[in-house]
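Trainee: Could you pick one part of this model and take me through it closely? I would like its fold first, then what surrounds it.

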Amino acid sequence: MSAGGARALVVLAALAVLFAIPQFTSHEYVLALGVSFAMFSVLSGGLNLVYGYTGLLSFAQVGFFGIGGYAAALLVTELGWSLLTGAAAGGLLAAAVGLVIGYSSLRLSRHAFAIVSLSFALLCLIVARDWVSLTRGAMGIPGLPAPVLDLPGGTRWRIAQPADFYYLLFGFAVFAHAVIYLVVTSRLGRAMRAIKLNEPLAQSQGINPLAYKLLAIALSALLAGIVGGLFVFYLTIVDPSIFDFYYTETMLIMVIIGGPGSFWGVLLASAVLAALPDLLRFTTDLRMVLYGAVLIAAMLLFPSGVGGWLQQRRIARWRRPQPASQ
Amino acid sequence: MDLNFYAQLLLNGIVIGVIYALIAMGLSLIFGVLEIVNFAHGEFYMLGAMLAYFLTVNAGLGYWPTVLIVVAVAVCVGYVLYEALLASMRGANFERSILLTLGLSMVLQNGAVFLFTTTPKMVASSLSYSNILLGGLRLSLSRLYALGLGLAAFAALYLILYRTRIGKAMRGVAQSRDAALMVGIDPRAVSRLAVAIGIGLSGLAGAALAPVYAVHPLMGFSFVFKAFAIIIIGGLGNVSGAAIAAVVLGILESLIGGFLPLVMVDALVFVSMIAVLLLRPQGLFGRGVRV
Amino acid sequence: MTATRPLLEVRGLSKHYFGLTAVDDLSFEVDAGAVVGLIGPNGSGKSTTIDCISGFQPSDAGTWRLEDLDLTGQPPHRIARAGLTRTFQTVRAYDDMTLLENLCVAVQESDTVGWLQALGRGPRLRRAEAAAEARGRDLLATVGLAEYAEAPAAILSYGQRKLLAIAASMMARPRLVVLDEPVAGVNPTMIRHIEQVIHKLNAEGVTLLIVEHNVDFIMSLCSRVIVLDAGRKIAEGPPGLIRSDARVLAAYLGKARAAELESGHG
C-alpha cells in the first residue's frame with residue numbers, strides 16, 4: 001500500500017474512533033476535551049495556513065473568532081436567525097474584516113501586519129468590553145438558547161447535551177480541515193509556500209503575493225469566525241473573554257510545536273495540547289510560563305517544529321552519498 | 001469652561017505622554033537597530049516598577065536611589081538579554097524574533113503573576129502625598145519627578161545618538177543596515193547598546209511611575225500594545241517620531257478622558273494607527289532613527 | 001527596409017539613492033532573438049537597471065516597453081506575466097521543494113487555470129500540470145539536472161542552483177530573459193556548461209540580456225555589448241569593437257593605464 005493510502009486509512013480510523021466516543025461515554029469531562037480539541041484545531045489550522053504556509057505572522061485569529069461569536073449570538077438572539085446562518089454570517093463578517101486589515105497593512109510590510117493584527121485583537125477586546133450598547137459590555141450576552149437544527153429528513157436536532165455539541169463542533173472541524181487540506185495541496189497552497197520560501201522569486205515568476213496572502217487571511221478568518229459562532233453556544237454565553245490572549249498563545253504553541261506548514265503536525269499538536277492542560281494539572285500561570293519557555297526554546301533551537309524536523313530528515317536522506325552503481 | 005480644568009488635564013496628559021514616550025522610544029530603537037519587535041518590552045516596565053516597589057517599601061530606600069538602582073539593573077538586564085537570547089536571532093527572520101520575545105513575555109508576566117499575585121500594590125511613601133501648587137493647578141510631586149526624569153532621559157538619548165560615535169552608528173544601522181555593515185560598524189556592539197538603552201528606558205519608566213499608579217504584574221501588558229501602535233504612528237524605527245506621537249497621545253487621552261466615555265480613550269490609539277496606515281503608511285514621520 | 005521594433009526598449013531610465021545617482025538617463029534596446037551583454041565596473045548601475053526594468057525597484061524617471069507593452073512602473077509579477085523574467089544575483093530557489101516542483105511553480109501563473117478550477121482538480125488543471133511537468137523535465141534535461149528532478153533543491157551545489165534558476169526563468173516561455181551574473185562564483189567547467197545552455201536556449205528563440213562581470217564570458221557569448229559606467233552608457237556595439245574602445249578601457253582600468261595601453265598600440 002502506498003504511503004498516501006496508508007495515511008488515508010489511519011485518518012479514517014481515527015475519525016471513526018473520534019466519532020464513536022460519545023457512544024461509549026457520556027462523561028462530560030471527556031466530551032468537553034473533545035469540543036476544546038475541535039475548536040482549537042480549527043483556530044490553529046487557520047493560523048497554520050496564514051503563518052505556516054504563507055509565512056505571515058498574525059495575531060488576529062482570536063479577533064475573528066470572537067467577532068464570529070458575537071455576530072452569531074446577536075443574530076440568533078436579536079433577529080431570530082438559525083444557528084448555522086448566524087455562524088456563517090459571523091464567519092463572513094470576520095473574513096471581510098480580515099481582508100480590510102490585511103490589505104491596509106500588507107501594503108506596508110510584514111512587520112506592520114504583525115503589529116496591526118495584534119492591535120486589532122486588542123481593539124476587539126476593548127470594543128467588546130466598552131461598547132455596551134452593541135455588545136452588552138463586560139457582562140456579555142448570557143443565556144444563549146440551545147440551538148435547533150433542521151436536518152434533512154424532517155427531524156429536528158436540539159443541540160443541548162455535551163454530546164450534541166461534540167458532534168456539532170467535531171463535524172465542523174472535519175469540514176474545516178477538509179477545506180484547508182484541499183487548498184494547501186492545490187497549486188494555491190504551492191504558491192503560498194513559494195511566497196513563504198522566497199517571495200521575490202515568486203514575484204519574478206508571476207505570483208502576486210498580496211492576492212495569496214489575502215486569500216489565506218480571509219479563509220482562516222472565515223473558519224475562525226464560524227467556529228466562534230458555534231463555540232459560544234456551547235458556552236451559552238459570549239463575553240469579552242472570548243478575545244482573551246490565552247487563545248492566541250495556545251494556538252501559537254500548537255502551530256510552533258506541530259511545525260509551521262505541516263498540516264498533520266499542527267493537527268496532532270492541537271490534539272495533544274488540548275488534552276494536556278488537564279493532564280498536567282498546573283495552574284494557568286505555570287502552564288503559560290511553560291508555554292513561554294517552550295516558545296523560547298523552539299525559536300532558539302528548532303523553529304520548524306516537529307514537522308520541520310521530519311522535513312530536514314527527508315532532505316538529509318537525499319544528501320547521503322549514493323552507493324556506486326554498475 | 002474652567003481653564004484650570006483644561007490645564008490640569010493637559011499637565012496630566014504630558015506626564016503620561018512622557019512615560020509612553022520612554023517605553024515607545026526604547027521599542028522603536030530596538031526595532032530600528034535589530035529589526036526585532038520586542039514583545040516583552042512592557043514586562044521590563046513592569047519589572048522596573050516591581051523592583052522600585054520592593055526597594056521603596058521593603059528596603060526603605062528613597063526615591064532617587066531607587067530610580068538609580070532600577071535603571072542600572074535594567075541596563076544590565078538589557079545587556080544580558082541581548083547576549084543570552086537576541087544575539088542568536090541575528091539573521092533569523094522577523095517572525096522568529098517576535099515569537100521569541102512573546103515567549104519571554106509569557107514567562108515574565110505569568111511568572112510574576114504566580115510569584116506576586118495580581119493584587120495591585122501601592123508604593124506609599126512621603127512622596128505620594130506631596131503636591132505643589134502652580135496657580136490653580138495641582139501637580140503631585142511624584143508626577144513632577146516623573147516628568148523631570150523623562151525629559152532628562154530624552155536629553156541623554158539625544159546626546160548618545162548625536163554626540164557619540166556609537167550613537168551615530170546606531171542611527172546608521174537603523175537607516176540602512178547594509179550600508180552600515182559596509183562601512184565597518186560592528187553590529188553586535190551597536191545592537192547590544194540599543195537593547196541596553198531600550199530596556200533601561202522601560203525600567204526608568206516603571207520606576208518613575210511606581211509612586212503614581214498601582215503596581216501589579218499585568219501593568220506592562222496594556223502599555224506594550226499601545227507602544228506598538230505608537231511606533232507605527234510615529235514611523236517604524238523612528239525614535240523621535242515615537243516620542244512625539246507618544247506625548248501627543250498622552251495629551252489627547254487625558255483631554256478626551258475628561259469628557260468622553262472610557263472606550264474612546266482606550267481605542268483612540270488603535271483607531272489612530274489604522275488611520276495612519278490607510279493614509280500615510282510609513283508613519284507620520286517616516287522611517288529611521290532620528291531624535 | 002522594414003523597421004522591426006526592438007523587443008525591449010528602455011528610454012531615459014534614472015534612479016537615485018540617498019543623493020547618489022545609480023542610473024542616469026539610460027536608454028538602450030534589445031532586438032528579438034539576440035543575446036545582449038550588459039557590463040561595467042562595480043557600481044556602474046547594472047543591477048539597479050535590471051531591478052528597475054523587472055519591477056523590483058521603483059525608477060525615478062524613464063520608460064521601458066516589451067514590444068507593444070508598456071511595463072513602466074508595473075509590479076514584478078505583472079512584468080513576469082508579460083513575458084520578461086529574470087534570475088537573481090543571490091541565486092534564488094525554493095529549497096524545500098523538489099526541482100520539478102520549483103519549475104512547476106514558475107509556470108503556474110501563466111496558464112489559464114483559475115483559482116476555482118485549481119481547487120476543483122478538473123481535467124483542465126490536470127492537463128496544465130502535466131504540460132508543466134513535461135516542460136520541466138525537458139528543461140532539466142537541457143541544463144543537465146534531470147537526475148535530481150525529485151530531489152529537494154536544498155541539496156544542489158551553487159553552480160547547480162544557478163542552472164535551476166536559468167531553467168525556472170524559461171518555464172513560462174518568456175520573450176526576454178534577464179540573467180543577473182549567471183556565472184559569478186562558478187568554476188570554469190560550469191561556466192562552459194552554462195554557456196552551452198544559454199546557446200541552446202537562444203537557439204530555441206529566447207532573447208537574452210545578460211549582466212555579468214566576467215568580460216570574457218560576455219565577449220564570447222553576446223552579439224552586442226552595452227557598457228555602463230557611473231550609471232551612464234559609455235559604449236555599445238559588437239564585442240570586438242568594445243574590447244578596444246578607449247572609454248571602456250578607461251572605465252575598467254583607469255585613464256592612465258588605458259592611455260598606456262593605447263600608446264602601446266600606437
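Mentor: What follows is a close look at chain C, from its domains and sheet out to its neighbours.

First, the ground rules. The model is predicted: local features need pLDDT of at least 70 and side-chain atom pairs count only at pLDDT 80 or more, while totals for chains, interfaces and linings use all residues. Residues are numbered from 1 along each chain as its sequence is written, and chains are lettered from A, ligands numbered from 1, in the order in which they are written.

Start with the domains. Chain C is assigned domain 1 (8-91 + 173-265) and domain 2 (94-155); such bounds come from an automatic or database domain assignment. Their C-alpha centres lie 29 Å apart. Four residues of domain 1 and five of domain 2 make the contact between them (contact: C-beta atoms, placed from the backbone, within 7 Å). On the domain 1 side, helix H7 (residues 188-203) of chain C has the largest share, three residues. That side divides into one nonpolar, one polar and two charged residues. Here Ala, Val, Leu, Ile, Met, Phe, Trp, Tyr, Cys and Pro count as nonpolar, Asp, Glu, Lys and Arg as charged, and the others, Gly among them, as polar.

Next, the sheet. In chain C, four strands form an open, antiparallel sheet in the order S2-S1-S4-S5. Elements are DSSP runs numbered from the N terminus: helices are H or I of at least four residues, strands E of at least two. Strands pair if DSSP finds at least two bridges between them. Which strands stand at the edges? They are S2 (20-30) and S5 (69-70) of chain C; each has a single partner strand, so one side of each is left without a neighbour in the sheet.

Look now at S1 (residues 8-17) of chain C. Seven bridges join S1(C) to S2(C), and the two run antiparallel. They form a hairpin with two residues between them. C:Phe18, in the turn, has a positive phi of about 40°. Most residues other than glycine have a negative phi. In the pairing with S2(C), C:Leu8 has C:Val30 as its bridge partner, and C:Glu9 has C:Glu29. A helix covers this region too: H1 (residues 46-53) of chain C packs on the sheet, touching S1, S2 and strand S4 (61-66) of chain C. The direction of H1(C) makes about 115° with that of S1(C). Axes are lines fitted to C-alpha atoms, for helices over the stretch in contact, and angles run from 0 to 180 degrees between N-to-C directions.

Now step outward. Chain C meets chain A through 26 residues of its own and 22 residues of chain A. Helix H2 (76-82), strand S6 (84-86), helix H3 (99-107) and helix H4 (115-120) of chain C each supply at least two residues of the chain C side. H2(C) gives the most, four residues. By class, the chain C side has 15 nonpolar, five polar and six charged residues.

What about chain B? Chains B and C do not touch; their nearest C-alpha atoms are 11 Å apart. Of the two pairs of chains that touch, A and B make the most contacts. That contact takes 31 residues from chain B and 33 residues from chain A. H4(B) gives the most to the chain B side, 15 residues. The chain B side divides into 24 nonpolar, four polar and three charged residues.

Last, the core that chain C shares in. The largest nonpolar core has 294 residues. A nonpolar core is a set of buried Ala, Val, Leu, Ile, Met, Phe, Trp, Tyr and Cys residues joined through C-beta atoms within 7 Å. Buried means 20 or more other C-beta atoms within 10 Å, exposed 12 or fewer, partly exposed in between, with C-beta atoms placed from the backbone. A:Leu169, B:Ala24 and B:Ile230 have the most contacts inside this core. Helix H10 (residues 209-235) of chain A provides its largest share, 17 residues. Domain 1 and domain 2 of chain C each give this core at least three residues. Beyond residues up to four places away in sequence, A:Leu169 touches A:Val35, A:Ala38, A:Met39, A:Leu230, A:Phe231 and A:Tyr234.
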